[in-house]
Amino acid sequence: MEGVLVRKIKKICVFCGANSGKDVAFVNAAFHLGKVLGKRKIDLVYGGGKLGLMGCVSTAVAQHERQVLGIIPSAFTINNLVGETCGKEIKVATMQERLVMMMELSDAFIALPGGFGTLEELFQMISWAQLSIHNKPIGVLNINGFFNGLLSFVDHAVKQEFITPRARKILISVTTADELVDKLQAFRFEPDPALSKLKWSPSSSQKEKLDLTLRL
């Protein structure tokens, strides 16, 4: 990566399924991602518990002696619904509080295969980056073409002018864990000039006026 500015990434938040999926390649990729994070001395933030791919990646990171932090809604801990978190656990009241804490405590985000919850988390982070709430890199690990349909839809939305080419650059997609971490480290955030003027602090009494031609 000679000549490329490399950002320091100490903690990566991984979004992924609480199921293992149909293809064993998903499980293997989750374990391998955890191994890559461990070897690169990167700690893990995730949704807690030990189910599915979430359990695979957290176990692998812990096996390589890196810190694991599970952020989990209290409702999920009743009757041990999702199993024991592999590492430290923080309980929160709501799903939104969980996602905000994930954003604040992480330096980058990776999505592995998953369902509606994984997709919600992924697109929430993309939307918040578009709005300049954060400037952290986001990527999907596209194992066996799992995200091909999703990426095609995003590109279709660009063509239909609902997503700007600038915003499209927020989402990184590659097929190997090492390459994805490299791209996250090399990512350069390009804020929208109008959206970057928004003030998101709780004390802000007024927001900057937006150009209403923006495609949000």
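Helix 1 and helix 2 run roughly parallel to each other, because their packing angle of about 30° falls under the 35 degrees that sets the limit for that description. This is a predicted model, so please read every value here as computed from it. Below you will find three helix pairs, followed by the largest pocket.

**Helix 1 with helix 2**
- Helix 1 covers residues 24-39 and helix 2 covers residues 52-63, and their axes lie 7 Å apart.
- The crossing of helix 1 past helix 2 is right-handed.
- On the helix 1 side, the residues that meet helix 2 are Phe-26, Val-27, Ala-30, Phe-31, Leu-33, Gly-34, Lys-35 and Leu-37.
- Their partners in helix 2 are Leu-53, Cys-56, Val-57, Thr-59, Ala-60 and Val-61.
- Sorted by class, this contact holds 11 nonpolar, two polar and one charged residues.

**Helix 1 with helix 8**
- Helix 1 also meets helix 8 (residues 177-186); their axes come within 9 Å and cross at roughly 50°.
- Helix 1 and helix 8 are therefore oblique to each other.
- Here too, helix 1 makes a right-handed crossing as it passes helix 8.
- His-32, Leu-33, Val-36 and Leu-37 are the helix 1 residues in this contact, and they meet Ala-177, Asp-178 and Val-181 of helix 8.
- Five nonpolar residues, one polar and one charged make up the contact of helix 1 with helix 8.
- Leu-33 and Leu-37 are worth finding in the structure, since they appear in the contact with helix 2 and also in the contact with helix 8.

**Helix 4 with helix 5**
- The axes of helix 4 and helix 5 cross at roughly 60° and come within 11 Å.
- That angle makes helix 4 oblique to helix 5.
- Helix 4 passes helix 5 with a right-handed crossing.
- From helix 4, the contact takes in Gln-96, Arg-98, Leu-99, Val-100 and Met-103, while helix 5 brings Glu-121, Gln-124, Met-125 and Trp-128.
- The contact of helix 4 with helix 5 divides into five nonpolar, two polar and two charged residues.

**The largest pocket**
- The largest pocket holds about 280 Å³ of space.
- Its lining is made of 20 residues, and those nearest the centre of the pocket are Cys-16, Ala-18, Met-54, Arg-98 and Glu-121.
- At least two lining residues come from each of strand 1 (11-15), helix 4 (95-105) and helix 5 (116-130).
- By class, the lining of the largest pocket has 12 nonpolar, six polar and two charged residues.
- Arg-98 and Glu-121 link two of these topics: they are among the residues nearest the pocket centre, and they also take part in the contact of helix 4 with helix 5.

Note on methods
Residues are numbered from 1 along each chain as its sequence is written. This is a predicted model: local features need pLDDT of at least 70, side-chain atom pairs count only at pLDDT 80 or more; totals for chains, interfaces and linings use all residues. Side-chain values use heavy atoms; hydrogens and water are left out. On a 1 Å grid over the protein atoms alone, a cavity is a set of points where a 1.4 Å probe fits but cannot get out, and a pocket is an open set with protein on both sides within 12 Å along at least five of seven lines; lining residues have an atom within 4 Å of a point. Grid points are joined across faces, edges and corners, and a volume is the space filled by probe spheres set on the points. Helices (H or I, at least four residues) and strands (E, at least two) are DSSP runs, numbered from the N terminus. Ala, Val, Leu, Ile, Met, Phe, Trp, Tyr, Cys and Pro count as nonpolar, Asp, Glu, Lys and Arg as charged, and the others, Gly among them, as polar. Axes are lines fitted to C-alpha atoms, for helices over the stretch in contact, and angles run from 0 to 180 degrees between N-to-C directions. A crossing is left-handed if the near helix is turned anticlockwise from the far one by less than a right angle, and right-handed if clockwise. Contact means heavy atoms within 4.5 Å. Angles under 35 degrees count as roughly parallel, over 145 as roughly antiparallel, 65 to 115 as roughly perpendicular and the rest as oblique.
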